[in-house]
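Let's take a walk through this structure together, strand by strand and helix by helix. Have the viewer ready, and we will begin as soon as the model is on screen.

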Amino acid sequence: MTEAARPGGPPGENRTGRPGSTAVVVGGGLAGVTTALALADAGVRVTLLEGRPRLGGLAFSFQRGTLTVDNGQHVYLRCCTAYRRFLDRIDAAALAPLQNRLDVPVLDAAGRPGRRLGRLRRDALPVPLHLGRSLATYPHLSLAERAKVGRAALALKALDLDDPALDERDFAGWLAAHGQSARAVEALWDLVGVATLNAVARDASLGLAAMVFRTGLLSDPGAADIGWAHVPLGELHDRLARKALDSAGVRTELRTRVTSVRVGEDGGWRVEVPGESLDADAVVLAVPQREAYDLLPPGALDRPERLLEIGTAPILNVHVVYDRQVLSRPFFAALGSPVQWVFDRTEASGLSEGQYLALSQSAAHQEIDEPVAVLRERYLPELERLLPGARGARVKDFFVTRERTATFAPTPGVGRLRPGARTKAPGLYLAGAWTATGWPATMESAVRSGVSAADAALAALGRPRDHLFVHEEAA
């Protein structure tokens, strides 16, 4: 083991050759990469440690034969301003473009002929009129249900998101109290909420659900416009992120597991990895909550066991490769079927013949451990119900990817369990989508947490912070 190696270069020198501050960031997901870049951009010498052989956390790619496969379909919205700035910072914005205007095709497998397809799309009108025409013609709800949806949306807009009582209530109870039928929940509220919260309304905090709908649908006409990577996620979150880190002078170590974080003899921090000790002025733990719990030194949080009370929720992804094109649009959402959202990943994966569809199945508690054969028997007939072109197509490949702890569970009461970026140990900070960002577990939340951790660390180190995306950290 080396003796007190200094992150990023020789002791006492930063990447410009002047004496400066040092930091170690533990975790190479979006939160950790964001933190490392923000610290390095302020002149801090940074070492980023990641246990996996790649960056990107739970938004990554892998090879399956000649295909480049994303572990799951990830999207973002125009209102995800921190993630958009992250894409700009790593020179990747052009590879993950936004829709010009929100447009979500919604197919009802049980719908009457001529009324199976509906669309949720916006007009160039101010809020809430931007969704008025779409809602008025949405065929999956009755006229009375559409009117009640509008009234519930206005009531949602009137909620005070700073009221902690919202976090203790479930979203389904609030919807029922505001006249929302089971069909309205299925065809609208859960259609959006399950994909963004990774929970159905009955399992979701009203506070987080209100934040999602207020920010995405009721804040700005274009807030909910959808963006997604048109290349493999690894191109963004691994290759281009690593390139940006290298250019910023960050030392990045993959396949490196941190075994302990403790106060050093000089009052700074010492991070232990196999074969090496790293000394730093600041340490950021940008890892899942259970891993953070294991690494936290005594006294860093008043009640560290609360981290273990933050539950997790799974996401299942079903991948189907057909011998021909069966879907003519980039994506759609489904009703009346176990299928939730379907995306065309043909071009992004490098497939040259046929079509590759990815089904994103959130809140998949009942299916996450089902055998592949069972899932195949369930989902292939469903795709044939939804897509007539699939009925005569040959399935060339069928496989699944499972993220059993994809996100934290946004259950009522979770808000009081989520810590902020600062700990009670000077120089030690937390980052991750599970921290108190005010957002559910999304790429936006992960990036915001990294900004908050960097902001807190730079303030303590007396380093410039004017380059940071400014947002208010949740209490």
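A good place to start is the pairing of strand E6 (residues 103-108) with strand E7 (residues 117-121): the two run antiparallel and are joined by five bridges. To find the register, look for Val 106, whose bridge partner in E7 is Gly 118. Please keep in mind throughout that this is a predicted model. E6 has a second partner in strand E15 (residues 331-335), and here the pairing is parallel, over three bridges. In this case you can orient yourself by Asp 108, which has Leu 335 of E15 as its bridge partner. E6 is also mostly covered, with five of its six residues buried.

Now let's move to a sheet with several strands. Five strands form an open sheet in the order E9-E2-E1-E13-E19, and their pairing is parallel. Strand E9 (251-253) and E19 stand at its edges; each has a single partner strand, so one side of each is left without a neighbour in the sheet. Averaged over this sheet, neighbouring strands are turned by 15° against each other, direction ignored.

Within this sheet, strand E13 (residues 282-285) deserves a closer look. On one side, E13 runs parallel to strand E1 (residues 22-26), and four bridges join the two; here Val 26 stands opposite Leu 285. E13 also pairs in the parallel sense with strand E19 (residues 428-430), over three bridges, and Val 284 faces Tyr 429 of E19 there. Which way do the residues of E13 point? Ala 282 and Val 284 point one way, Val 283 and Leu 285 point the other way, and all are buried.

Those last two residues lead us to the nonpolar interior. The largest nonpolar core holds 124 residues, and Tyr 83, Phe 171, Val 283 and Leu 285 touch the most other members. Helix H14 (residues 443-461) supplies the largest share of this core, nine residues. Apart from it lies another core, of 26 residues, among them Val 342, Ala 364, Ala 393 and Phe 398. As a general background, nonpolar side chains tend to be buried together in soluble globular proteins.

What does Val 283 touch, not counting residues up to four places away in sequence? The list is Val 24, Val 26, Val 261, Trp 269, Val 271, Gly 427, Leu 428 and Tyr 429. Two of these, Val 261 and Val 271, can be found again in a second sheet, where Val 261 stands opposite Val 271 in E11. That sheet is open and has three strands in the order E10-E11-E12, with antiparallel pairing. Its edges are strand E10 (260-263) and strand E12 (276-280); each has a single partner strand, so one side of each lacks a neighbour in the sheet. Here neighbouring strands are turned by 25° against each other on average, direction ignored. E10 and strand E11 (residues 269-273) are held in their antiparallel pairing by four bridges.

Tyr 83, which we met in the core, takes us on to the helices. Helix H2 (residues 81-89) packs with helix H9 (residues 233-248) at an angle of about 65°, and their axes are 10 Å apart. That makes H2 roughly perpendicular to H9. In this contact, Tyr 83, Phe 86, Leu 87 and Arg 89 of H2 meet Leu 236, His 237, Ala 244 and Ala 248 of H9. Sorted by class, the residues are six nonpolar, one polar and one charged.

H2 also packs with H14, at an angle of about 75° and with the axes 7 Å apart. H2 and H14 are therefore roughly perpendicular to each other. Thr 81, Ala 82, Tyr 83 and Phe 86 of H2 make this contact with Met 443, Glu 444, Val 447 and Arg 448 of H14. By class, it has five nonpolar, one polar and two charged residues.

Our last stop is the loop between E19 and H14, where Thr 435 lies. Is Thr 435 buried or exposed? With a relative accessibility of 3%, Thr 435 counts as buried. Leaving aside neighbours within four places in sequence, Thr 435 is in contact with Arg 418, Pro 419, Leu 430 and Ser 449.

How values were computed: Residues numbered from 1 in each chain as written. Predicted model: local features only at pLDDT ≥ 70, side-chain atom pairs only at ≥ 80, totals over all residues. Heavy atoms only, no water. Pairing = 2+ DSSP bridges. Axes fitted to C-alpha atoms, helices over the stretch in contact; angles between N-to-C directions. Core = buried A, V, L, I, M, F, W, Y, C linked by side-chain atoms within 4.5 Å. Buried < 20%, exposed > 50% of the residue type's maximum accessible area, 1.4 Å probe, protein only. Contact = heavy atoms within 4.5 Å. Parallel < 35°, antiparallel > 145°, perpendicular 65-115°, else oblique. Nonpolar A, V, L, I, M, F, W, Y, C, P; charged D, E, K, R; others polar.
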